[in-house]
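Biologist: I would like to learn how to read a protein model slowly, one feature at a time. Could we look at the structure together and begin with its strands?

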Amino acid sequence: MAKLVVEVLDANDLMPKDGHGSASPFVEVEFDGQRKRTSTKPKSLDPSWNEKLVFNIKYPKYLSTQTIEIFVYNDNKHGHHRNFLGKVCISGMSVPFSEQESVVQRYPLDKRGIFSHVKGDIALKVHALVHGGDNLDGESDATPLKEISNNEFDDDEHYYKESRDKHKKKKKERELRTFYSLGGGYGGGDPPQPFFVEPRSDFALAGPPSSAATVMKMQAPAGQKPEYGLVETRPPLAARMGYWGRDKSASTYDMVEPMNFLYVSVVKAMDLPSKDVSGSLDPYVEVKVGNYKGVTKHFEKNQNPVWNSVFAFSKERLQSSLIEITVKDRDVSKDDFVGKVVFDVPDVPQRVPPDSPLAPQWYKLLDKKGELIKRGDIMLAIWMGTQADEAFPDAWHSDAHNVSEQSLSTTRSKVYFSPKLYYLRVHVFAAQDLVPADKSRPPTDAIVRVEVCNQGRTTRPSQMKSVNPEWNEELMYVAWEPFDELIVVSVEDNNVTIGRVFIPLRNVKLTETSKMPDAQWFALQKPAAAEDQIEMKKDKFASRVLLRLSIDSGYHVLDESAHFSSDLQPAANQLRKPSVGILEVGILSARNLQAMKAKDGKLTDAYCVAKYGNKWVRTRTLLDNLHPVWNEQYTWEVYDSCTVITIGVFDNCHISGGDAKDQRIGKVRIRLSTLETDRVYTHAYPLLVLTPSGLKKNGELHLAVRFTCTAWANMVAQYGKPLLPKMHFVQPIHIKHVDLLRHQAINIVAGKLARAEPPLRNEIVEYMLDVDYHVFSLRRSKANFHRIMALVSQIQYIYTWFEGVCHWKNPVTSILVHMLFLILVCYPELILPTIFLYFFAIGLWNFRVRPTGPHHMDARLSQADNAHPDELDEEFDTFPTTKVTDVVKMRYDRMRTIAGRVQSVSADLATQAERVLSVLSWRDPRATAIFIVFSLIWAVFLYVVPFQIVALLVGLYILRHPKLRYKLPPIPVNFFKRLPSRSDSLL
């Protein structure tokens, strides 16, 4: 028999209920119809029980569908009356099946109703024990195949009947059901994680054990696993704590929780005394606060060094009230002491931006006894600040004290800007007077190769086999500012270069409209002479090529997929529209991250990257931490609200050097148009990554997002304008160029950002920009098919409802539809107003069930949570494939099966369309004759009879009672299906 063990440890800060400022609490636990309670702790608001309550689990395989309810009551009048102090609901899905996996978690007590007065939290430890042959799945591990017993189905039916009866006996009251997860046992006193949620409206979730406990609400779409759902949180942010009349703009850094730091700025030193016999000095500064120690770089033979280094020590981790700043002399054997300065932490001033930076001051150096030395001054500035300080991004942080000076830059937070991209058009018309390598014959396969940096393309071979070939072909490339590259145009014949010309990109004209510049003749040079200016002057080489070059600044170069692009503005500044708002994102923290460096005995060195428009931001790297807290806020200007911001989490693999790639932990996309203006959204987003072994959740990312509109009229007017700039519609780019140009743009952006310091490496840029989005994936194809079927199901629902009206399944609805139909026939001018009024009513009705949070990655919609392993293996396969022949054959046969189904559907569509066209084609002379005679009769009938009467008769015929209907198809359907198609003409 399986057992459920609920260990009730203690509670804190309970609500007094006895009228004397205290309470006598006890805990009552309910599970599967069983109820047990702890002892009563008299007169205590912080009781401690340390009692274990054991329950029987009748059906272990259904534990995930059950709920553990914990109630805290005040024992009043010796148990005859009790007062409600709070409750907690824990999902059975998160209960571990071993005592070793269970950890102590604190849960904030939840209300029973809107009028309940509840506060405090309770500490619990829950786990299940499975004895003997009990198994969670109801099967034995030793026998993978066994005979199905009817008794098991009887037990299941009996269990569901019991559950149904229990639900019927409960009170039908509307309440906020709160569920909690038991966590993953990562250590460190972490808050419990959201795991399971009932399909209702809102659900509260556990928060950290603090006075301002974070309340979370799970929002799980139907059909999706709860652990992949969005979790609403309520962190103590200044932006949402309530200003009560104060100006909200008073705080410009209100989307994150303030983190206090002790800043020490070591500027320079002057007239330092020498310590070596030679009279030289190699000084450096050591800043020490408790066990944390930061060191500047040292200078050789310099008694007046300039460091300009800033050290930041987390105030929460300060282990000493003294700040020791020591100047030392670097030596081979042992570093010599030069002098020191000591400060008291309580005396450090507080600086709050936008105050100006604290002015550094000169301080006299002291010896080891605390007495002034004869020579030596050091310039310092010490202050208390927050992460909003200007010195925060470039400062040395105490949590990175083990990082070498070379790797320290890879841990800092930075802001990047990707280069401004343009489309380059090269139209190749013709060439004249080519001199082939073999002068005995004219060029036979002359082509033109155009190269711009690493982008190279060629024209088709000319059809004219002469020394004056023509091509008339246009090639497109991606160019970028400041246009330092060269355009290399080569004319080749049978892989032999005939002539070449170098054109500076900055000499090409920028165009903003569809009007192209005039074509120009460019003189070709011999390949050897092109590199030797002297030989070029001696050689009279008269070959030339006709080109039209232009840099189109009226386009937006797509480096992201158009479905979730973050920027839609044209490249030309004069064509850009003014901004419509401001996007503020607070990257708060992450929780329950996977240990990405577990093989090396470490945890995770996590950092975040956010991309919106051409602005990229990177947070600082928090070392060896599964629950990093960044609390960094960033701002973007918004030019179009129908855009998407992407935020990714990565594991820094360059702390110890090496060329390893940073590992992806997960990413989040948020569409701005789904956000309400001036509202602060605080949610924990699941970090989902698809791997060859399946979908993997690597933790949760906690974000605060706010979109503020500054131009309402412009934002509303944008909904009537095209997404992309005008040039994309006036002179559209051919579809065959779009994917290639996007790939080139990604390579350019990745190459530029990889040269920054710290670099944003290729694997980061490619993951953020979804470089493999266009690659075939059977899983993604299924997801798109289900999206289409979801749309068709809505149409099918309308058809089913109308069919129910016609068959009088609900007589009241059918009578109302008949009345509405008669009114619209009598007053046809009310048809359009009725339709639009119906749209208005439906929209107003759906307002009450509108989404309360932003959309996020949907595992069920992506078909990622139930994808077949072979489908994932195919999705992650290289191109071309590297799999063995048998696997390729199996996948090819599967592709043929799918293609056969698509072929059948397309054939059915073609058949129906050909039947429509064959009505008047006389392919079936009798059918065509019947149709034209019928058309003549209807033309006379409709001319004589008023249209309202015709509409009334047709409508009443369609809505006729089932007793007047036949089960056979109607005559028009029979006639249409008898029309001929061309399917019988196929081989």
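Biologist: Which residue in β24 does Arg449 stand opposite?

Modeller: Please keep in mind that this is a predicted model. Arg449 stands opposite Thr458 in β24. Arg449 belongs to the pairing of strand β23, residues 446–452, with β24, where the two strands run antiparallel and are joined by four bridges.

Biologist: What is the order of the strands in the open sheet of four strands?

Modeller: The order is β24-β23-β26-β27, and the pairing is antiparallel. The edge strands, each of which pairs on one side only, are β24 (455–458) and β27 (496–504). From one strand to the next, the twist averages 15 degrees.

Biologist: Let us turn to another strand. How many of the 11 residues of strand β31 are buried?

Modeller: A residue counts as buried when its relative accessible area is under 20%. In strand β31, residues 581–591, 10 of the 11 residues are buried, so this strand is largely enclosed by the rest of the structure.

Biologist: Which strands does β31 pair with?

Modeller: One of them is strand β34 (residues 629–638), which runs antiparallel to β31 and is joined to it by eight bridges; in this pairing Ile582 stands opposite Glu637. Another is strand β38 (residues 694–709), which pairs with β31 in the antiparallel sense over 10 bridges, and here Glu584 stands opposite Arg706.

Biologist: How should I read the backbone angles, and what would catch a careful reader's eye?

Modeller: The general idea is that most residues other than glycine have a negative phi, and that most peptide bonds are trans. Against that background, Asn592 has a positive phi, near 55 degrees, although this residue is not a glycine. Asn592 is found in the loop between β31 and β32 (606–612), and it counts as buried because its relative accessibility is 12%, which falls under the 20% cut-off. Asn631 also has a positive phi, of about 55 degrees, without being a glycine, but Asn631 lies in strand β34, and at 5% relative accessibility it counts as buried.

Biologist: Which residues does a cis peptide bond with omega of about 10 degrees join?

Modeller: That bond joins Glu481 and Pro482, and Pro482 is found in the loop between β25 (470–480) and β26 (486–493). The peptide bond from Glu757 to Pro758 is cis too, with omega near 0 degrees, and Pro758 lies in the loop between α5 (735–753) and α6 (762–768).

Biologist: How many cavities of 30 Å³ or more does a search of the whole structure find?

Modeller: The general idea is that rolling a probe the size of a water molecule over the atoms shows where empty space is left. In this structure the search finds four cavities of 30 Å³ or more. The largest cavity has a volume of about 60 Å³, and the residues that line it include His397, Asp399, Leu408 and Arg620. Its lining divides into three nonpolar, three polar and three charged residues.

Biologist: Which residues line the second largest cavity?

Modeller: They are Asp739, Arg742, His743, Ile746, Val771 and His774, which divide into two nonpolar, two polar and two charged. The second largest cavity has a volume of about 40 Å³.

Biologist: Finally, is Cys89 buried or exposed?

Modeller: Cys89 counts as buried, because its relative accessibility is 1%. Cys806, at 4% relative accessibility, counts as buried as well. As for disulfides, the count comes to zero.

Methods: Residues are numbered from 1 along each chain as its sequence is written. This is a predicted model: local features need pLDDT of at least 70, side-chain atom pairs count only at pLDDT 80 or more; totals for chains, interfaces and linings use all residues. Side-chain values use heavy atoms; hydrogens and water are left out. On a 1 Å grid over the protein atoms alone, a cavity is a set of points where a 1.4 Å probe fits but cannot get out, and a pocket is an open set with protein on both sides within 12 Å along at least five of seven lines; lining residues have an atom within 4 Å of a point. Grid points are joined across faces, edges and corners, and a volume is the space filled by probe spheres set on the points. Ala, Val, Leu, Ile, Met, Phe, Trp, Tyr, Cys and Pro count as nonpolar, Asp, Glu, Lys and Arg as charged, and the others, Gly among them, as polar. A disulfide is a pair of cysteine sulfur atoms within 2.5 Å. Buried means under 20% relative accessible area, exposed over 50%, partly exposed in between (1.4 Å probe, protein chains only). Two strands pair if DSSP finds at least two bridges between them. Axes are lines fitted to C-alpha atoms, for helices over the stretch in contact, and angles run from 0 to 180 degrees between N-to-C directions.
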